[in-house]
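Okay, everyone, thanks for coming. Let me put the model up on the screen, and then I'll walk you through a few spots in it.

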Amino acid sequence: MNDLCFRLAEHYDAPLLVRLRDGAARWMQEQGIDQWKPGEMGEDHFRARMAEGEVWLAERNGGRVVGGWELWWTDEPAWGVRPPDAGYVHRLMVDRATAPRGAGRAMLAEAERRIAATGRGWARLDCVAGNARLRDWYVTAGYTVVGEQPRKQGGKGSPYPVTLLEKKL
């Protein structure tokens, strides 16, 4: 993954982030994964995340965006009130048409480096409880399942169950 570089998203990247997420959502649907839906998140979502936390992009070959993720410093809907000992990775997404093999792992590793650079010792994330394939992918990346939040409120629609995973950095 030496050809990937990472940068913070800027406000003008919001339309690109929407396209990236919608593409990932379409891929999930094609795979029979009931998690993300195209059109669920617009530019306002990503601009708000940029204002409240960090949104990162992965680029290759002179700036072609092939993936992205959100990095939060709290996540009360899934994890409750916690001490400031972790960073929370959300919406890890790759462009299946352009991302090189291993891009998802490279982006996750970069998120972990960013978290560790702040002095926090844990990377945490969640995934929809019924998505065993994604849960297993995170486990093979060194994450441990530590519980379930049966009624996470994601801001849209009704509460849903998520599996909580963490990794000591």
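So, glutamate 70: buried or exposed? Its relative accessibility is 0%, so it counts as buried, the cut-off being under 20%. You'll find glutamate 70 in strand β3, which covers residues 64-72. And please keep in mind that this is a predicted model.

What does the side chain of glutamate 70 pair with? One partner is the side chain of histidine 45, in a polar contact of 2.7 Å. Another is the side chain of arginine 91, with a polar contact of 2.8 Å. If you leave out residues up to four places away in sequence, glutamate 70 touches His45, Phe46, Arg49, Glu54, Val55, Tyr88, Val89, His90 and Arg91. So both of those polar partners, histidine 45 and arginine 91, turn up in that list of contacts as well.

Let's stay with arginine 91 for a second. Arginine 91 sits in strand β4. With a relative accessible area of 15%, arginine 91 is under the 20% cut-off and therefore buried. Now look at the backbone there. Most residues other than glycine have a negative phi. Arginine 91 has a positive one, near 50 degrees.

Okay, next stop, another glutamate. Glutamate 166 is in strand β7, residues 160-168. Why do we call glutamate 166 buried? Because its relative accessible area is 14%, and the line is drawn at under 20%. The side chain of glutamate 166 makes a polar contact of 2.8 Å with the side chain of arginine 124. Setting aside residues up to four places away in sequence, glutamate 166 touches Trp79, Trp122, Ala123, Arg124, Gly142, Tyr143, Thr144 and Val146.

That last one, valine 146, takes us over to strand β6, which runs over residues 144-152. Valine 146 has a relative accessible area of 41%, so it goes down as partly exposed. Beyond four places away in sequence, valine 146 touches Trp79, Leu164, Leu165 and Glu166. Take leucine 165: how far is it from valine 146? They're 19 residues apart in sequence, and their C-alpha atoms are 5.6 Å apart in space.

The neighbour, valine 145, is in strand β6 too. Valine 145 comes out as partly exposed, at 38% relative accessible area. Its contacts, again not counting residues up to four places away, are Arg135, Val139, Thr163, Leu164 and Leu165. For a pair that sits apart, try valine 145 and serine 158: 13 residues apart in sequence, but 23 Å from C-alpha to C-alpha.

One quick look at helix α5, where threonine 140 is found. Threonine 140 has 57% relative accessibility, and since over 50% is the cut-off, it counts as exposed. Its C-alpha atom is 14 Å from that of alanine 123, which is 17 residues away along the chain.

Right, let's talk about the pocket. The largest pocket has a volume of about 1400 Å³. It's lined by 49 residues, and the ones closest to its centre are Met28, Gln35, Trp36, Leu92 and Leu134. Which elements supply at least two residues each to that lining? Those are α1 (14-30), α2 (43-52), β4 (86-94), α4 (103-117), β5 (122-128) and α5 (132-140). β4 gives the most, with six residues, and β4 is also the strand that holds arginine 91. As for the make-up of the lining, there are 23 nonpolar, eleven polar and 15 charged residues.

Finally, let me zoom out. How many helices and strands are there? The protein has five helices and seven strands. Starting at the N terminus, the order is β-α-α-β-β-α-β-α-β-α-β-β. The C-alpha trace spans about 40 × 35 × 30 Å along its principal axes. A compact globule with 169 residues would have a radius of gyration near 15 Å, and the protein has 15 Å, so the two agree.

Of the 169 residues, 46% are buried, and glutamate 70, arginine 91 and glutamate 166 are among them. And among contacts with a separation of 6 or more, 63% are between residues 24 or more positions apart. Glutamate 166 with Trp79 is one of the contacts I listed earlier. That's my tour; over to you.

Note on methods
Residues are numbered from 1 along each chain as its sequence is written. This is a predicted model: local features need pLDDT of at least 70, side-chain atom pairs count only at pLDDT 80 or more; totals for chains, interfaces and linings use all residues. Side-chain values use heavy atoms; hydrogens and water are left out. Helices (H or I, at least four residues) and strands (E, at least two) are DSSP runs, numbered from the N terminus. Buried means under 20% relative accessible area, exposed over 50%, partly exposed in between (1.4 Å probe, protein chains only). A polar contact is a pair of N or O atoms within 3.5 Å; within protein, one must be able to donate a hydrogen and the other to accept it, and residues adjacent in sequence count only if both atoms are side-chain atoms. Contact means heavy atoms within 4.5 Å. On a 1 Å grid over the protein atoms alone, a cavity is a set of points where a 1.4 Å probe fits but cannot get out, and a pocket is an open set with protein on both sides within 12 Å along at least five of seven lines; lining residues have an atom within 4 Å of a point. Grid points are joined across faces, edges and corners, and a volume is the space filled by probe spheres set on the points. Ala, Val, Leu, Ile, Met, Phe, Trp, Tyr, Cys and Pro count as nonpolar, Asp, Glu, Lys and Arg as charged, and the others, Gly among them, as polar. The radius of gyration is taken over C-alpha atoms; the globule rule is 2.2 Å times the number of residues to the power 0.38.
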